[in-house]
Every structure is written in structure tokens, then in C-alpha cells.
Amino acid sequence: MADSITEDAATSIVWHSARNPETGARWKSVYTPDVLAVGEGPATWRDFFTQQHRWACGADQTILRHFRTSFWKLSWAGRAHYTMLLAYYPSAAISWVLGALNLTAFMLTGVGGLVVTAQVWLMLYVNSAVLHLGVYFWNRRHNVSPHEQEGSSGVAGMAMSAMSAPVYVQALSQALRQREPAFVVTRKGAVSGDHLGVFRRHLAWGALLVGVLVASVPLGHVHVAVSAWAVLSAVMCLFPVALLAGHHLHRPSPSGGRHLPDRGQHRPGTARHRSCGRRRTGAARGPPAGEPPMTRRVAGPLRRLRNAALVGAAVTGVVAANGPVVVDVADRLVYDFERNQQDYKQQYGFWETVELSEEYRLSAVHAALLSSGKVLLIAGSGNNAERFEAGTFRSIVWDPVTGDTKEVPTPEDLFCGGHAYLPNGNLLIAGGTRRYERLDEQVDRAAGVLSLTNEHDEPLTLPVGTTFTNGGLTYTSTEEVRLPAAHEMPDGSAMDGVADVWVEAEGTGDEYVVEEERTFGAPDLPAEHRGEVHVRGAGVTKDKQNFQGLDASYEFDVATETYRRTGRLDEARWYPTLIGLDGGRVLAVSGLDEYGRILPGDNELYDPATRTWTDQPDLFRYFPTFPALFRLADGRRVFYSGSNTGYGPAEAGRQPGIWDVSDNSWQDVHGLEDAEYNETSASFFLAPVQDQRVGIVGGGLVGDSPESTTRFNVVDLDGSVAPRYEPAPDYPSPVRYLNAVTLPDDTTLLTGGSEDYRGNEESDLHLTTIYDPETGTLDEAAPNFVGRNYHATALLLPDGRVMTMGSDPLFADAEETRTGTFDTRIEIYSPPYLFADERPAITGAPEEISRGSSFSVDVEGTEVAEARLLRPSAVTHQTDTEQRSVALDVRPASCPEGASGHTTADGGAHCPDGCCGSGTVELTVPEEEGLTPSGWYTLVVLDSDGVPSPARWVHVA
Ligand SMILES: [Cu+2]
């Protein structure tokens, strides 16, 4: 007999793991249905819990002490049997504790564990429950329980076992701490009274569960399933207490005891014979007097019907729970097989997901294809306030061919700047984030901007913490500010020095709010400035505080892969658009200033020669943030499609039009459908750019509206005096944040986006289409796997593939309970032309070409029908002022001058007889600087089927 408080279990293990020393055979135990003695079960909760506690302790102890050594000596069947048997108590305890831990963690902090879909959860749960019940009922076949009522299912017993979880937890904890519980013989019959103390463990757990359940409401971590789980657990804890209370109320008994319901009591997972065995007394045989002789139950027709129904229900449940998941998996396997077939790829293309190694993953808000063939991904702080506070600003350079990745030291927070290419191939990046927004609930005190005027002839620097007063209330500056001296203008007039300063109220009260223009006192001023510095303010409020812009400006040097400082912007800008003009100058438009106010129309120019920015008061024009601007063929006009992302009132600057930057004149462009849905829409030049047509697709209402549109309109800006938007085929789904990438074959790939604001309600679109401007049709392509909503970008790679990245959902689930995370996966699309049987290839081309002149290109493979120069993308927030495809004149070298058969840029004949051919072809770049601004391009040639070659980098001087 082993030393244990559940001597039967411990003994039987020792015994089953031993062998008969004489024969070497294992000992066997034999089941006999004869009742040798009858035992009584506990009749009060107190006794029941005492018994459960002892059994649990015994099982835990047995595992810790005997099982490890005995396990290997057992037969295979013995191992399985005892593992299942002994695992019950500790596993019930562990799952109870883990469950409570999970609930508490989520309801207090919102932290979730592994997330599976409801369907998968249901499948796992049903399978586990059916297995559990299956084993249970299978074992019950051997049940000998003369006191169990005929037909009892044992459900009451199971419920009571479940209610004992807090007892099992205590037992496991004691066993682990090697506390020796006293051997308490379970008292039988109603001999010990129940009182509230019996339920102390239950009450403690119940209090915890109810507590976190209540706390989850103000904390905002309410989830239907989690709450239901918590309620169920609390009910399990409190039900026996309630039963007792109810009993006291209605049937007071002198002993305070209460008979438990018949529960077919036995240890779960084991057949009753163990209990019988335990109570076997001496050599008594046969049933005690008055007991019916024990025989195996013979199933009657009703019982058989019931069993059949139970089995049927279980099978139905398993099929119903597993079916959809199995079908889903099968569907995916079939689709995966299908999409890997050559003919599928040739028709729809092919997607593959690329995961950067962990150290390089970043929130790619900005993406640009460099003339080295590598991709620059800029996150800056990546829309993460913690990273901003920590000064963690990131960029990487990734090689899409070799996969090599390099971290680029990023000097300032370039998150939400704008970018444009310079003629030398360097990327100019200007603007960024000076401070993150503060939402209403984060604003506890009035704050805003004060305007300072200096009439003194000396400048003045006011340190952080300078105080200003208004109506006896104090405000403090949060930044150092340099106030220039008053000075004389060339015409002799006096000009005061002016500067702005951000202040915060000393107290949190509403009395600090100043909405109308007021004069503020400045008690900290040095004596010589007193009376000569004036402070006024009108907008010190407790409103939400926008992101604040930065005046950063850098050239990203492609050769050294480093940021090179340039002169600062004249205005701080957050969400500006940069667009290249003639001579490599770059115009910066719109943005939020250093105090988060949208710029009223201050635009400025970058001169690549001096590397400085200059304010352009003559080009004063207002746009919402990130306006989509397209430089037109004449070089002086810029088309504003109406697309924009981010900020600005709904009623200002939303009208599409043509802006002449030579004289700041403006011409409205009308006809746009769903014109109030322009925010986060996509717009792009239809290829080739010579057509001067721009398309606009999708978009949402201003702000965080869930509404978006299927609208697809195209405007032809060439020739007409009053160009108008005309309808193109509707997009298959309402969409915002759609990514538009123009392919070398003149089609435009439209991919990703979401229907709702930032992918809310799981509205990411797994939908990719290809628009053909020649036929005006939208064709479905292979769907993208990764959802791409806010802060997503896409660009064309030199080899003809399309790279997509970024996505910044507000929430991680449809119920909007968990905060979303930035998607760092890259997904790459190979368009159908990459699966063509044959592709042309450029074997020789000059690196330097110029506008209006011809150059020769050696081509291998098939005949050349067309050629394109593709300007590499520099894209963020659906805004890309660079992307354009320029058609080149093609003349096969073998084709005599003046012959009818050469392909022209304006879509002339496709390679008529005799005039196409591999070998050497002569290509001509259009003359207009507005069509082909200086800089680096990828050059491709296409065969008569429209299959493009891999690209060659060429520089247009
Ligand atoms: Cu943004």
C-alpha cells in the first residue's frame, strides 16, 4: 500500500507497474460487478468539498510523487489510463486559473491572447466537448451504482464537479507547495452543517470575476464572448451558495445541512468500481441484505433509442462544427492549387507575401523606388506616439531582387512629409511630425498659440516656461521662441519682429479657455523689452490638438543611401504634397503648420542648386492636405484631381481644377461624380502620359466616415477648353485607400483599399483589378491576400512586378475592441505579362538620353512594337506626383526613314509587315519637359502582344 491520502489510486499504480517476481508477468486487476459493500456519499456541500479536496490532493500528490517513476513501468494501456485519470484534477485547476487570468487580463487591460475566428473556436470547443462526453459515457457503461437512479445521466454530477474547480485549485496549490493535507475521512450522511465559510474559495473567485466584469465597463474592455464567459464562471462559483441560501430561505433545517442531489457521484474519468473497491470490506461477498443483486444493465429499446439519439446529436454537432472549417480549408487548398497553375497566372497574375526579417520590419508609410533599383521605405515614428516620444525614427532600403536590407539612420521624424524626385535621382523629402495629435480625452487643459510682436530694435529669446497672463490666469510656454528685432524696411517703414508661441494653461479649468482675441500680459520680459513686446491670442482652447508639422528637409542620396540636410522649409508642414516643376525645382503645397493649423495657402519652392526653400507669396493657394497634383504637358499647368488625404474643412479646396503656376490662375474642372467623396481616393495619369487623361477612383467622405464610393471618373485634359470628368466603369466595391500602379503595358493595377474608414468592420478589400485605358474596361486580377487600408502604398518594380506595403487599421477586429497594428508585410504581384511564353529583353541601351532626341536600343527575343519610359514612384497616402508612363516613338533600325510601318507614340500602327524586328531599334523621347521631366526612368520595350521587357535604368537629362 502506497503512502497517500488517496491510497487506492496510488496503490493501484504501484501495483500495476509491478510484476510478479515469479512469472515476470504484470499484475492484472479484474472487474467484478458484484457489490461487496455499499458506501454512502457525502450529503452536504461541506462534506462534498472536503471529499473533492482530498481526492484532488491525492491525485496531484500521486502525479508529483509516484507517477513519474511508475509511469515507465506501466503497460501502454496503463499509461493512457492513469494519465487520463490523474490529469483530471490538475487540468481542471489549471484551466480554471488560466481562464480567470485571461478574463482578468482582457477586461482590465484589453490585452487579448491568441485570436482565432469564431468558427475555429466553435470547432475546437465542440470537438473537445464531444470527446470529453464520449469518454465519459463510454466509461459509464461499466457503472455499478445501485443508488443512482435509473436513467440518471450524471449531468448533475458533472455540474457539481465543475463547481468544485476552486477546490481543485486550492488542492493543486497545496500539492505544489508540498503542503500535507490532513487525511479527512469524508463524513457520510448529513452530519456536518453547511455555512457560508464552506464557500470561502467560491466567494473569493466569484468576487474577483464580478469585480473585473464591473471594472471592464468603465475601462471599455467589453467583449460579448469574454463577458459571457466571466458571467458563466461567476455563476459556477456562486450557484452552490445560492442553492444554500435558497434552501435556508425556504426550508430551514435544524442541522443547517442539506442533502445534495443524487449525482451519480464518482471521480470523473473513472468507473465506479474504484469506489466500490475502496469500500470493499473483508471477505464479504454478494449484495448486502435488502440490495438487489447487481447485474449489468441490459439496454431496453427506449434506452437504445436514447443512446442512438445522443450519438446522432454528437455526430451532427461534430459535422456542423467541423464542416465549415474543413470546407474552408479545402477551398483554400483548391484555390492555392488553382492560383499556382500557369494558365491562371497568365490570366490573373500571381501574389506572394514577403516578410522582412524582424529587425527590419517597419511601418512603411512612405515608399519610393530609387534609381539603384532598391526601395526606400520611410516610417519615421510610423504613426506610433511611443516611438515618437522615444525618438525612434526609421527608414530602410530594401533590394527587391536580392532581398538585402539596410537600416538608414533617420535624423528627424519624416513621418507624414512629402517627397519628389530631383533631376539627379535624389529624393527630396520635406515636412514631417513635430508633435503627435492630442485627442479630446487627452487634452486636460486649455492650450493654443499666442502671437508676439516686438517693437524693440533688439531680438529676444523667450525660454521654455515663460509665463503669460490673461484675466489673472497664467499660461506657460512649452517651447523656446526667438522673437526677431523690429527693423526698417527698404522703403523706410518700420517692421515689427513677429513670432508665435504655444502655451498651456496653468490650471485645468474652463476659465482658461480664450476664444476671442485678447491681449496677454508678459511679466517675465526683460526690462528693456517691457512695453515694446505685445502678446495677443485668440485660440487657447481645450479642443483636440492636431498633429504639428515639422520644417525638416532632406535629400536622400541614392549613391550613399543617407539623408543629407538641406535648408529648412519656410513653413512647417505635416501632410504636404511635393511636386517637381521645371529645372528640377520642387513646389511644396499645403500641410499643417507647427501648431497643427492647416496652412491657408502658403506654398514654397525648392531650388536644387542652392538647396534652399523660398516662400512663394505669388503662388498663394489653398489645398486640403496631401492634394493629388499632376504636372501637365505644357509644364506650367498643374492638375488637381480633387483627391486628397487627411485634413481641411469639407467646404474649402475640394474643387478639382487646373492651376497655372506661371501666374497662379485657376480653372475649375467640372463633371466629377460623388464630388464630396474625394478624401483618400486614388488618382493617376492614364498611360501613356501623352494622352493627358487622369482617372479618379473611390474615396470617402471627409473625416472618419464609414462611407466610400465606387465612383470611377476620367477627365481628358488635352485639347478641350473646358475639360470635364466623364464616368468610367464603376469600381466593383465602394473603396477608399485604393492603390493605383501604372504598369508598363499602359494598364493600371488597382489593388487593396478598404470600404470603411481605416479598414473598420473588417472592410479590407481582397480585390485587385486591372484597368485598360484603351478599352475602358476593368478586369479582375488575382486577389491580394494582405488587406491594405490607411497608410498603404504600392509601386512598380523595374522587373515589372508590383510591390504593396503598409496598412494601418484602427482596430484589429470587427467588434472594434482591440487596437489595430500596422501591417509590416510586403506583398508582391506578378502581372499576367510576366507569365508570357516569351518576353523581349533589352541587351544594350545608353544610360544617358535627352528630350527630343533618339537613341538606339539592342533588343533580343521578339519584335518591338512599343517602348515606355516609366518614372519611378514616390508614394504616400495615395499621393504620388511622380508616377507616369511616357510613350517613345519606335522605329526599327531596319525600317527605312519615311516608311509607313513604324509605331508612334500616339498609338499608331502596331508593327506592320516588315518594319518590326528584333535587333536594334531607335527610340525617340518627346520634346516637352512637362511630359518627361529630368530624372531617372526605367525603360521598357514591348512586343506586339503588349508583353514588356524587364527595365533598364536611363537618365533623362
Ligand atoms: Cu497619415
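## Pairing criterion and overall composition

Two strands are taken to pair if DSSP finds at least two bridges between them. The sheets described below rest on that criterion, and the model to which they belong is predicted.

The secondary structure of the protein chain comprises 12 helices and 49 strands. Of the 957 residues in the protein chain, 50% are buried. Among contacts in the protein chain with a separation of 6 or more, 66% are accounted for by residues 24 or more positions apart.

## The sheet β30-β31-β32-β33

Four strands form an open sheet in the order β30-β31-β32-β33, and their pairing is antiparallel. The edges are occupied by β30 (682–685) and β33 (725–727); each has a single partner strand, so one side of each is left without a neighbour in the sheet. Direction ignored, neighbouring strands of this sheet are turned by 25° against each other on average.

Within this sheet, the antiparallel strands β31 (residues 693–697) and β32 (residues 712–716) are joined by 5 bridges. V697 stands opposite F712 in β32.

## The sheet β5-β4-β3-β2-β45

A further open sheet has 5 strands in the order β5-β4-β3-β2-β45, again with antiparallel pairing. Here β5 (405–407) and β45 stand at the edges with a single partner strand each, so each has one side without a neighbour in the sheet. The average turn between neighbouring strands of this sheet is 15°, direction ignored.

Strand β4 (residues 394–398) runs antiparallel to β5, and 3 bridges join the two. In this pairing V397 stands opposite K406 in β5.

## Strands β26, β27 and β28

The antiparallel strands β26 (residues 629–631) and β27 (residues 637–640) are joined by 3 bridges. L629 has Y640 in β27 as its bridge partner. The two strands form a hairpin with 5 residues between them, and G635 in the turn has a positive phi of about 85°.

β27 is also joined to strand β28 (residues 657–660), by 4 bridges and in antiparallel fashion. R637 stands opposite D660 in β28.

## The copper site

Which protein atoms are the donors of the copper ion? They are the OH atoms of Y575 and Y790 and the NE2 atoms of H791 and H877, lying 1.8 to 2.7 Å from the ion. The angles subtended by the 4 donor atoms around the copper ion run from 65 to 154°, which makes the arrangement irregular. A tetrahedral assignment would require all angles to lie between 85 and 135 degrees.

Along the sequence, the spacing of the donor residues is Y-x214-Y-H-x85-H. Y575 lies in the loop between β21 (562–565) and β22 (577–580), whereas H877 lies in the loop between β45 (874–876) and β46 (884–892); the pair therefore ties together parts that are 302 residues apart in sequence. Y575 and H877 are both buried.

## Helix α2

Helix α2 (residues 45–70) contains a kink of about 45°, centred on I63. The helix is mostly covered, with 19 of its 26 residues buried.

## Two buried residues and their surroundings

A781 is placed in strand β37 (residues 777–781). Is A781 buried or exposed? Its relative accessibility is 4%, so A781 counts as buried. Setting aside residues up to four places away in sequence, A781 touches Y348, T768, T769, I770 and Y829. The C-alpha atoms of A781 and K345 are separated by 9.4 Å, although these residues are 436 residues apart along the chain.

D593, by contrast, lies in a loop, the one between β23 (586–589) and β24 (604–607). With a relative accessibility of 6%, D593 counts as buried because the cut-off is under 20%. Q548, G549, A572 and L599 are the residues that D593 touches when those up to four places away in sequence are not counted. Along the chain D593 and G431 are 162 residues apart, and their C-alpha atoms are separated by 9.4 Å.

Terms used: Residues numbered from 1 in each chain as written. Predicted model: local features only at pLDDT ≥ 70, side-chain atom pairs only at ≥ 80, totals over all residues. Heavy atoms only, no water. Donors = N, O, S within 2.8 Å, 3.2 Å for Na, K, Ca; no water. Tetrahedral: all angles 85-135°; square planar, octahedral: opposite > 155°, others 65-115°. Buried < 20%, exposed > 50% of the residue type's maximum accessible area, 1.4 Å probe, protein only. Bend = angle between axes of the 7 residues up to and from the residue. Axes fitted to C-alpha atoms, helices over the stretch in contact; angles between N-to-C directions. Contact = heavy atoms within 4.5 Å.
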